[in-house]
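Student: Hey, got a minute to walk through this one with me? I'd like to start with who touches whom.

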Amino acid sequence: FKPSDDFLIFAKYARGYRGGGVNESNVLAEAWRPERIDDYEIGIKGSFHGAIRGSFSLTGFWNEFKDQQIAANIPQCVAGSRPTCTSPVLTGIRGIQNVGKSRLRGIEADGTVLLGDNFRFEFGYAYLDAVITGTSVLNACDNTRFECDQVTILAVGSTLPLAPKHRITLTGTYTLPLDPGLGKISIAATFTHTASHRFSYDTDVPFAQGAIPYNPAIVPATSLLNLNLNWKDVGGSPVDLAIFATNVTQVKYHVAVTNALSSSGAEFLVLGEPRIFGARIKVRFGK
């Protein structure tokens, strides 16, 4: 609905679907069910003019998952048959399981502000609240004799992995006031802050039974700065040049952790990208 030329109100509903499958192993084959999601959104979009020009949008969303699929460690039973397995083996397989129901809700806001013909400021913010609202028993478990970690840990109210609550992105771009015959040169800086979040519940084990106050399953909050210089139509030619630098302040952080503590006695962190410099050249042919 458009109450004016510069303002729009919208609502949206969508249903998503992901097919099921089978976790293959040398002992038993476990199937996982299809996943479904109902997505509800409502929001506004607008623009403004004058000495300061720009646009903005604000969206609120609510997602309801049913039979949500996650990667999990599935223990195997090698003696007897379910549900009378008497010798579960902890070195099972990595597969897909349905965790029951979950809810994702939040807001997304972004916008652009133009100051004159040379400066452009862009901003974005996202808030996400993602929790388990209902659990289901994993089929590969014998609940009378062996309890899967996922059943205990992914309890109602648990936060979903890889779901930071906050993310902020700010970008400023300045276009140099040069003769158009030289091309268009712009300099940009992008700052991104991501809140701390959980990578996995599989690795949620304090070191030395809690004697060392460090949990590698928690990915720390990060604040990263990237720089870009773009030169379009270099000297009036059909050549574009871009020079970039990422993680300029050399922030050291990890983005993931392995689940090797029980087998090797150590955890292995997957580090985020270091500071990187680079350049790109693009040549256009024809009209």
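Tutor: Sure. First, what counts as a contact: heavy atoms within 4.5 Å. And keep in mind that this is a predicted model.

Student: Okay, so what is leucine 160 in contact with, leaving aside its neighbours within four places in sequence?

Tutor: With those neighbours set aside, leucine 160 is in contact with Gln68, Ser102, Leu104, Ala130, Val131 and Ile132.

Student: Which residues make up the largest nonpolar core?

Tutor: There are nine: Ile37, Phe65, Ile70, Val99, Leu104, Ala130, Ile132, Leu160 and Ala163. In soluble globular proteins, nonpolar side chains tend to be buried together.

Student: And on the outside, which residues make the nonpolar surface patch of about 350 Å²?

Tutor: That patch is made by Phe56, Phe123, Ile168, Leu170 and Phe191. Phenylalanine 56 sits in strand β5, residues 52–66, and counts as partly exposed because its relative accessibility is 31%.

Student: Switching to charges. How many salt bridges does the structure hold?

Tutor: It holds 10. One of them pairs arginine 53 with aspartate 117, and the closest N and O atoms there are 3.9 Å apart. That pair links distant parts of the chain, 64 residues apart: arginine 53 is in strand β5, while aspartate 117 is in the loop between β8 (101–115) and β9 (119–134).

Student: Is aspartate 117 buried or exposed?

Tutor: Exposed, because its relative accessibility is 73%. Arginine 53 comes out at 31%, so that one counts as partly exposed.

Student: What about aspartate 129, which residue does it form a salt bridge with?

Tutor: Arginine 105, with 3.0 Å between the closest N and O atoms. Aspartate 129 is in strand β9 and arginine 105 in strand β8, so the bridge ties together parts 24 residues apart in sequence.

Student: Why does aspartate 129 count as buried?

Tutor: Because its relative accessibility is 9%, and buried means under 20%. Arginine 105, at 32%, counts as partly exposed. Both belong to a network of salt bridges that links Arg103, Arg105, Asp129 and Lys165.

Student: Got another bridge for me?

Tutor: Try aspartate 233 and arginine 284, whose side chains meet in a salt bridge at 2.3 Å, N to O. Here too the pair links distant parts of the chain, 51 residues apart: aspartate 233 is in the loop between β14 (222–232) and β15 (239–246), and arginine 284 is in the segment after β18 (276–283). Aspartate 233 is partly exposed, with 27% relative accessible area, and arginine 284 is partly exposed at 31%.

Student: And the backbone there, what's phi of aspartate 233?

Tutor: Near 55 degrees, which is a positive value in a residue other than glycine. Most residues other than glycine have a negative phi. Asparagine 247 also has a positive value, near 50 degrees.

Student: Where does asparagine 247 lie?

Tutor: In the loop between β15 and β16 (254–257). Asparagine 247 is buried, with a relative accessible area of 4%.

Student: Last one: what does the side chain of threonine 190 make a polar contact with?

Tutor: The side chain of threonine 171, at 3.0 Å. Threonine 190 lies in strand β11, residues 184–194, and counts as buried because its relative accessibility is 18%. Apart from neighbours within four places in sequence, threonine 190 is in contact with residues including Thr169, Leu170, Leu224 and Asn226.

Notes
Residues numbered from 1 in each chain as written. Predicted model: local features only at pLDDT ≥ 70, side-chain atom pairs only at ≥ 80, totals over all residues. Heavy atoms only, no water. Patch = residues over 30% accessible without salt bridge, like charges linked within 9 Å, V, L, I, M, F, W, Y side chains within 5 Å. Areas by Shrake-Rupley, 256 points an atom, 1.4 Å probe, with all protein chains shown as cover. Salt bridge = Lys/Arg side-chain N within 4 Å of Asp/Glu carboxyl O. Helix = DSSP H or I, 4+ residues; strand = E, 2+ residues; numbered from the N terminus. Buried < 20%, exposed > 50% of the residue type's maximum accessible area, 1.4 Å probe, protein only. Core = buried A, V, L, I, M, F, W, Y, C linked by side-chain atoms within 4.5 Å. Polar contact = N/O pair within 3.5 Å; in protein donor to acceptor, adjacent residues only side chain to side chain.
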